[in-house]
Structure formats: C-alpha cells, structure tokens
Amino acid sequence: MNIAKQYARPLDMKNGRVEMSHGAGGRAMAHLIAELFARAFDNVFLAQGNDGAVMPAVSGRLVMSTDSHVVSPLFFAGGDIGCLSVHGTINDVAMMGAQPLYLSAAFILEEGLQLADLQRIVESMAQAAREAGVPIVTGDTKVVERGKGDGIFITTTAVGVLGDGVTLSGDRALAGDKILLSGTIGDHGMAVLSQRENLSFDAPIVSDTAALHTLVQAMLASGASLRVLRDPTRGGLATTLNEIASQSGVGMLLNEAAIAVNAPVAAACEFLGLDPLYVANEGKLVAICAPEDAERLLFVMRAHPQARQAAIVGEVNADRFVQMTTKLGGRRIVDWLAGEQLPRIC
Amino acid sequence: MKYVDEFRDGALAGRIAEHIAATVNPARDYRLMEFCGGHTHAISRYGLADLLPSCVRLIHGPGCPVCVLPIGRVDQAIRLACEAGVILCTYADTMRVPASDHLTLMRARAQGADVRMIYSTQDALKIAREHPDREVVFLAIGFETTTPATAVAIIEAASYGLKNFSILCNHVLTPSAMHAIVAGGVALDGFIGPAHVSTVIGSQPYEVFAEVYAKPVVIAGFEPLDVMQAILMLVRQINEGRAAVENEFTRAVSRAGNLKAQALVAQVFELRDTFDWRGLGALPDSALKLRLAFSAYDAEVKFSAAYHPVPDHKACECAAILRGEKTPSQCRIFGSVCTPENPVGSCMVSSEGACAAHYSYGRFREGAT
C-alpha cells in the first residue's frame, strides 16, 4: 500500500471514473485502496495491510452475518447504499442479541462509476461505522465491465459477541407472547421508491436506516424475557412476522390501529397501491417477549431515541395464520408477500 | 391521512353495520355483486364480511382488468416481445398473468424479452422517444378508467409524429360485462357499481339495469365505508321493492361523467365487433379498438399480430368465479395448485382478483390451507 509518490497516479475525485484497472490488482487498485478506502475506514486492524485482519481474542459465543446491498438509486433521502450496508449487517448481528464488533466490506464496482459518487458512498460507510463503533477491518474490491453491474454492489459481513444467557431465535415465539414494534413502518422502502419513481410529496419521505445495536443492548439490559428480535427489512413487517410464525409454529393477531405509518409514507403507498406492511424498513425492529414483561420492555424501548414510537402491536396465538384486526373492525390474513409487490392497475 | 382515514373509520363502520343489521330481513338473502375488483380488494383487505349479517352475501364480479384478459391476448403480447423484438410496456399486474407454455410476461423478460413495467402511458411515450431505433408497444388493458390515458397517449404520439410507438388494445367496457352477467342468469339482487369507472362514464349507463332488468345499482367509492353505505342503500331498495341507480360516490361521480375524457376516447377508439373475455366468453360490442385514422398506432395492424383463442386450464374455475357462479374455495385447485406465487388462473394474479383477495386476506374463514 505504500506507493512511492512519483509512481502514483493522482485520483481525480471530481471528474474521474472507476476503470477496469482499479480492480486489476495493480498499482491503480492499490492506489484506490490507499487513497479512498484505507483513508476513510482508517483503523488499526485495516492498517495492518495484510490479506486478513488479526483481532484480539474475545470471550463469548460469536455471531456472524453477511448481507449484500444492491439498492437503486444509490443515494436517497436519509441515506445511501454506503451507510445502509453498514447498518443492515450490524442489525442482523444485533437481532441475535449480540454486540457487533467488526465489519468486512466487499465492493463490486461497475466500470464508469463516478469516483465522486464512490467517495461519497465510502465516506458514508466510514461515518456509519464510526458512529456505530464497529470498525471495517478488512475488505475487497472488484471491478466489472460497464453494463455488468448497477454502479456498485456492497457486501458486508459483521462479527459480534453474544452475552451469557442470551438466546434469541425465530422459533421461540409462544402463544400468549406480545409483539412489539419499535416505530413507524415503510419509511425506507418508500423513500427509495419515491426517489426512483420521481414522486414528490409535501413532506419528504426519509429512510429510517440506522444501526439498532444500542437499542437492542438496552432491551436486553431490561431483563425482559425476550424470545425473538428481528428487523423487518425486505418484505416488510408482514414477511418478518410470517417467518417467525412459521419457524415457531404459531399464529399471530395484530392490531392495525397500533401500527404507526408516517403520513407521507401512507400517502405514497396509497398512491402506488402498495401495502406498508410489505414495505422495507432499515431502522426498525420487532420484538416478541413474554406477556408479563411487555409493558416493561415497551417502557425501555420508548426511552431510547430510536424507538420513541414503540408499541405493542399484537399477540402470538395458537392459530395457523398471521391475522390482523383491521381499523374497520374486521379481520384479515396478513400473508406472505407473493412475488414482488406490484402496483395495482385501476 | 386526510380525506382517506375518514372513510376507514372503525366507529363509523360499526354504526353503519348496526343500521344494516337492523334493516335487513333475516328471512331472505341479499345477493349483491360488487362488480369491481377494487371493491373486492377493499372488502377483503378490511375484513368487511365480519361486519355484515349472514344474509348479506357479496358476490365477486368480473371487474378486474387483469382477470378478464384471455390467455390468447397475453400470448399475443409475449409473441411481440419475444419474436418481433419490441420493447413491450405494460401495467404491473399484467406481467404475471399466465399465458400459454407456462409463460408470463415476467418469465418472458427473464428469458431475454424486453418487457417493462410502467405506471402511466406517459412512461411508454418517453421510452419510445428515448429509443427511436426500437419499436415500443404498450399493452393497453383496463376498463373505462384507464382508457382515456391511452387515448391521450395516442393523440400525443400522433402530434409528435412518433413512428415507433403502438398499442395492443385490450380496453373493455363495463356495461357490456354487466349485461352478460344479468343476461346469463346469475342469481343476484343488486350491484355495487364501479367507483373509478363511473367517474369517467357517469351513472347514466347503469340505468338500463335498473329499468329493464330491475336490478338496483348503487355506485360506491373504493373505501370500506363507501362499500358499507352502498350495501345499506341496496338493502333499503331491495326491501322497498325498488330498482334505481343511486350514487353513494357523489364526491366523484356525476350522472354524465367526465365528458372530456369520453370525447378523447371517442376520438381515438371505436367498438370492436366482438372481444373474448375470460369467463364471459365472446361478447359483442364489449371492447374498443383504434379508429382507422390511428391504425398506424395499432400493434395488431403494424405487426400483423393475430389473436388466437386459447382455452383456459381445465381445472381452473376462473370463468365460473368471474360470472359469480362459484366462490374461489369451490375451485378444486384453489390454494393448492393455484396460489398467488403460482397462479393458474387470472383471478389469482391481481390483488383485485377474487381468488387472490380471498387467498391473501380471507382464507382463515374456511379452513383452507
């Protein structure tokens, strides 16, 4: 990574673009890594400059999770693919009840991607990692020919450590348990979609992308008997609850009136014929806990800035389906999403 | 959300439900057909059946544009996309309608056809302008709600002199389908009339059903309280032995409808002699085609794309369901072979389709899988 100054081609961050040579393993790649990635992610592990990072021993069970991020557009209100790729993977580890420790990041760049955009994305990742206190300790960069990628794909992996006695799993929900939701739904998905479709509303829709591990730690510290934590990302709340119901072999009954949706999100969903229950979130979690602990857990969640609007949204039961009492007073199934959510015609 | 939440208010719904319960004669049945898929969707999504007395039976009608599109018409579009190499644009749900050879437009896209989902006809025009070297075909489907937007696109294409844009016209007419249902002898006591369709055509075209066939029609908005109120109005008419066209959706529908939209449609389209509907069969004067003056924009003419009728899947009961003769759970393959992930019939495709709505929202009521 130490290139003599006279050999280094300066990176034209303003007008330059990603070229095939940036992924070819040669000087251009080393230069890109040194000038951009290493500088932004700067930490002692990355600075070791080897094929892998060596970290100190930890005590406790390890949790590891990986996630690829392919969002289009790359930049949206409230975030971008960079911070999203950090938050998303941290959250996957956090939902196991673990304290996230380290991240890796692998980039697939498309030839022609503007270096200015890449820089913005990398700096956003660096900031997200810094704020979360989870360093990016190793990484990889590949470049594919123009037309063979969508600008940039980012895969991140996180490692975390699990405290003694913490066992969270999708198969642990029991009939009678309460279902808690940390806030409004649909914000991320509609922020991306409204940007993609060029829809504008009086109040902008802002992605909720955020790392939730401090919220999770506060929830664990409450001593409440937590069974399941999960972040309702792709497929939305409905899909997440169906996954849990099927893993645990239980049904659920939700209360539509308790599920908060921001007004512009509700309006955008209405306009496009989408159901916010199926729209992605990137900064929300669902918790299932023993009924006697639900109020205590809710209190702790609402005390955390990321879950001010937390609510008990339903109950686990011995039925076969995830169902919901509608605002109107009727009942309906909240099913798995079939295929991708497509707008209706008229 | 203002102007929407008011129409989904649980307390108000409860009050209308009490009115309905107090008004019905429990000794008789009230067989009401909601013509539109939009109503079917609202009824299922809000669990409206739970608020109605058991003597009020809602029969799902054929007013779902995707559901009535016959296999042969989708085949036609797929052939254009795969063989003629056009950019085929269409509205979302249409992409999943099963066609011949286990194909859908979405599967055709996965196999390399250039199929694009659009939100408006303007998107299709934009694609045509951006790709002057490619032929762009818009698979136009829908009832009277979507027809004016297609008419505007044709007029604009003509005024720009766009040479690479055409449409595969499958626009169909609501009153024709209603005629087929009442003439076909489906046992029903009244119609919940279309919402969006009626904003365009007005309430006048339904008067024949009240006057000639003695079927009350109440035009209703797509919100659950609209539907509840319309049911109450229908129950009252039936109790009084009246048959009239009444309008619950006065905030958007007039007797004459949207005259400007009607004029645009009349300028661009004329009646087809006959059109195959899934479920209802070949109905005379039930669909539109482009007028001769606009035949340069008619993909059927431009690409000599002939329509070949294809029979529905043998076990599929979509036809009987679209005619209101069967309920989704009376179909042998409902929920087993035919699911929203793998629809065999068109009613399982759109969330407005009777089968998809029942599967997605209501199947807990019968213990189906």
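Okay, to start: which strands does helix 8 of chain A lie across? Keep that one in mind for a second, and remember that what you're looking at is a predicted model. Helix 8, residues 294-302, lies across strand 7 (178-181), strand 10 (286-289) and strand 11 of chain A. Its direction is at about 5 degrees to strand 7 of chain A.

Now, the sheet. Strands 7, 10 and 11 belong to an open sheet of seven strands in chain A, and the order across it is 8-10-7-11-9-12-13. The pairing is mixed. At the edges you've got strand 8 (226-230) and strand 13 (331-333) of chain A, each pairing on one side only. Going from one strand to the next, the twist averages 25 degrees.

Let's zoom in on one pair. Strand 9, residues 251-255, and strand 11, residues 311-317, both in chain A, pair in the antiparallel sense over four bridges. If you want a spot to click on, A:Gly251 stands opposite A:Asn317 in strand 11 of chain A.

Okay, over to helix 4 of chain A, residues 187-196. Eight of its ten residues are buried, so the rest of the structure largely encloses this helix. Which residues of helix 4 of chain A are buried? They are A:Asp187, A:His188, A:Gly189, A:Met190, A:Ala191, A:Val192, A:Leu193 and A:Ser194. And what covers them? The cover includes strand 2 (75-76) and helix 7 (263-272) of chain A.

One last stop: just after helix 4 of chain A you'll find A:Asn198, which takes a positive phi of about 60 degrees. That's my tour, thanks!

Definitions and conventions
Residues are numbered from 1 along each chain as its sequence is written. Chains are lettered from A and ligands numbered from 1 in the order in which they are written. This is a predicted model: local features need pLDDT of at least 70, side-chain atom pairs count only at pLDDT 80 or more; totals for chains, interfaces and linings use all residues. A residue is buried if 20 or more other C-beta atoms lie within 10 Å of its own, exposed if 12 or fewer, and partly exposed in between; C-beta atoms are placed from the backbone. Helices (H or I, at least four residues) and strands (E, at least two) are DSSP runs, numbered from the N terminus. Two residues are in contact if their C-beta atoms, placed from the backbone, lie within 7 Å. Two strands pair if DSSP finds at least two bridges between them. Axes are lines fitted to C-alpha atoms, for helices over the stretch in contact, and angles run from 0 to 180 degrees between N-to-C directions.
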